[in-house]
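Please open the model in a viewer and keep the selection tool at hand. The tour begins at the ligand and then proceeds to helix packing and backbone geometry.

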Amino acid sequence: MARRALVTGISGQDGAYLAKLLLDKGYEVFGGVRRSARSGQDRLSVLGIAESVRLVDFDLAEVGNIFRLVRTIRPDELYNLAAQSFVAASWEFPLATTDVNAVAVTRILEAIRLFSPETRFYQASTSEMFGQVRTVPQNEDTPFHPRSPYGVSKLYGHWMTVNYRESFGLHASSGILFNHESPLRGREFVTRKISLGLARVAEGLQDCIILGNLDAKRDWGFAGDYVEGMWRMLQREAPSDFVLASGETRSVRSFVETAAETAGFQIRWEGSATDEVGIDVGSGKTIVRVSSEFYRPAEVDLLLGDASKAARELDWRSTTSVEDIAAMMVQADLDDVKRFGDARV
Ligand SMILES: NC(=O)c1ccc[n+]([C@@H]2O[C@H](COP(=O)([O-])OP(=O)(O)OC[C@H]3O[C@@H](n4cnc5c(N)ncnc54)[C@H](OP(=O)(O)O)[C@@H]3O)[C@@H](O)[C@H]2O)c1
C-alpha cells in the first residue's frame, strides 16, 4: 500500500514542492487547505499536480478539525508547513501569529499522540529563531534569541516538537530552515518582490521597486532542494533536529544586482539610507527606491547557517546557487508577465 502523507500548508511554496516530491516517490498525498474564496491550488497547478493531491479542509485554529483528520487519515508522515509565515505581518498580528504558529503545533502533536502515535512528524522551524545571533554561523547548538513575534512563535513550536519527542517518544523532527526561495515564493517576500517587480519594470508595467533595508543579509537556498531535506529527516530511524542552509550569505542589495541582470538591467547605486536609489545604467532611469516603511522594527543579525549535521547524517546539501535562484525567479516572472500580463502565483 502507498505510504500516506498529510501536508499542511499545501497551498504555499514549500507545500507545493513537497507534494510534488512525495507524489514522485509514490506517496498518497493529502493536502490541508483553509476554506477561502481562492481554490488554494495555484501553485499545485503550476507544478502540474493539482489533480493528484487529495485536498482536505484544514485550519490550524480548529482542534476538532485537526483531531478528526489525523484520526481518519492516520498518515505515515505529517509535515506541518502551515503558518503565518510573513515576519513583517507578525508585528501587526502577534496574537494570531502565536495561535497558528505556536499553539497549533501542540494541537497537531496532541492529535498524533492520541490518535496516531506511529505518525512521523515534521515541524517547519526557522532561522528567524536565532535572531540576534550569538555565533556565526548558526547550527543546531546555537542559542536562540528571536527578534519578531514570528520568531518567538516558531520557537514555541520548535520546543514543543522536541518536548513531545522526549516526553512521549514521538518520531518528531524540527527542521531549522534558512531562507529558501523559488518562482513560487509569496509576492510579499523580498526576493519575489524583487523578481516580479523587475519583470514588471522590464515590461513597462511599473516604474520601480521600493524596498527596505538593502544591507540586510540572508542565507538563501532553493525551496526544491530544501523539501528533499525535510523528507530525509523523516526517513531516519531516529528523529532529530537539523539546520538546512546554503552556508552563504548575501545582502538584499546583491540579490537585486543579480536579479537585475536577468531582467536586462545593470544597477548603479547613488545616495545613502532611505535616499539611496538604484539607477539602470542603460536607460538612466531609477528602478529601485528605499522606504523606511519596509524596515523591520527589530532586524535580525547576520543569518548564516551551518548545515554540516544535515550533510553528515542526511547526506543533504543545498545545491542551487543564489545566482541561479535569482535568474530562475526573474525568468519565470518575465515569462508569466509577457504571457498573462501578471504572474500566475
Ligand atoms: N520559505 C522560507 O524561507 C522559510 C524558512 C523557514 C521556515 N519557513 C516555514 O516553512 C513553512 C512553509 O513556508 P512557505 O514559504 O511555504 O510559506 P507560505 O508560502 O506562506 O505558505 C504558508 C501556508 O500556510 C497556510 N496557512 C496559514 N494560516 C493557516 C491556518 N490558520 N490554517 C491552515 N493553513 C494556514 C497558508 O494557506 P493560505 O494559502 O490559505 O494562506 C499556506 O498554505 C512555514 O511554516 C514557514 O514559516 C519558511
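Which oxygen-bearing partner lies 2.8 Å from a backbone N or O atom of Asp-14? It is the ligand: one of its oxygen atoms is at that distance from the backbone of Asp-14. Please note that the model is a predicted one.

**Stop 1: the ligand and its backbone contacts**

Select the ligand together with Asp-14, Gly-12 and Leu-81. In addition to the Asp-14 pair at 2.8 Å, a polar backbone atom of Gly-12 is 3.1 Å from a ligand oxygen. For Leu-81, the separation between a polar backbone atom and an oxygen atom of the ligand is 2.9 Å. The free ligand would expose 910 Å², and the protein buries 90% of that area.

**Stop 2: the shell around the ligand**

Extend the selection to the 25 residues around the ligand; those that come nearest are Ser-11, Asp-14, Ser-85, Tyr-150 and Lys-154. Colour the shell by class, and it divides into 10 nonpolar, 9 polar and 6 charged residues. Next, colour by secondary structure. At least two shell residues are supplied by each of α1 (13-24), β5 (120-126) and α6 (149-168). Which element gives the largest share of the shell? That element is β5, with 3 residues.

**Stop 3: the loop between β5 and α6**

From β5, follow the chain into the loop that leads to α6, where Pro-137 is found. Display the peptide bond between Val-136 and Pro-137: it is cis, with omega at about -5 degrees.

**Stop 4: α3, α5 and the loop after α3**

Select helix α3 (residues 63-73) and helix α5 (residues 94-115). Two packed helices are described by the angle between their axes and the distance between the axes. Here the axes come within 9 Å and cross at roughly 40 degrees. Because of that angle, α3 is oblique to α5. The crossing of α3 with α5 is right-handed.

Then move to Arg-74, in the loop between α3 and β4 (77-80). Arg-74 is not a glycine, yet its phi is positive, near 40 degrees.

**Stop 5: α7 and its two partners**

Select helix α7 (residues 190-202) with helix α11 (residues 322-340). Their axes come within 8 Å and cross at roughly 45 degrees. The pair is therefore classed as oblique, and α7 passes α11 in a right-handed crossing.

Keep α7 selected and replace α11 with helix α9 (residues 252-262). How are the axes of α7 and α9 arranged? They come within 10 Å and cross at roughly 30 degrees. Angles under 35 degrees count as roughly parallel, so α7 and α9 are roughly parallel to each other. The crossing of α7 and α9 is right-handed.

Key. Residues are numbered from 1 along each chain as its sequence is written. This is a predicted model: local features need pLDDT of at least 70, side-chain atom pairs count only at pLDDT 80 or more; totals for chains, interfaces and linings use all residues. Side-chain values use heavy atoms; hydrogens and water are left out. A residue is near a molecule or strand if one of its heavy atoms lies within 4 Å of it. A polar contact is a pair of N or O atoms within 3.5 Å; within protein, one must be able to donate a hydrogen and the other to accept it, and residues adjacent in sequence count only if both atoms are side-chain atoms. Accessible areas come from the Shrake-Rupley method with a 1.4 Å probe; for residues, only the protein chains shown count as cover. Helices (H or I, at least four residues) and strands (E, at least two) are DSSP runs, numbered from the N terminus. Ala, Val, Leu, Ile, Met, Phe, Trp, Tyr, Cys and Pro count as nonpolar, Asp, Glu, Lys and Arg as charged, and the others, Gly among them, as polar. Axes are lines fitted to C-alpha atoms, for helices over the stretch in contact, and angles run from 0 to 180 degrees between N-to-C directions. Angles under 35 degrees count as roughly parallel, over 145 as roughly antiparallel, 65 to 115 as roughly perpendicular and the rest as oblique. A crossing is left-handed if the near helix is turned anticlockwise from the far one by less than a right angle, and right-handed if clockwise.
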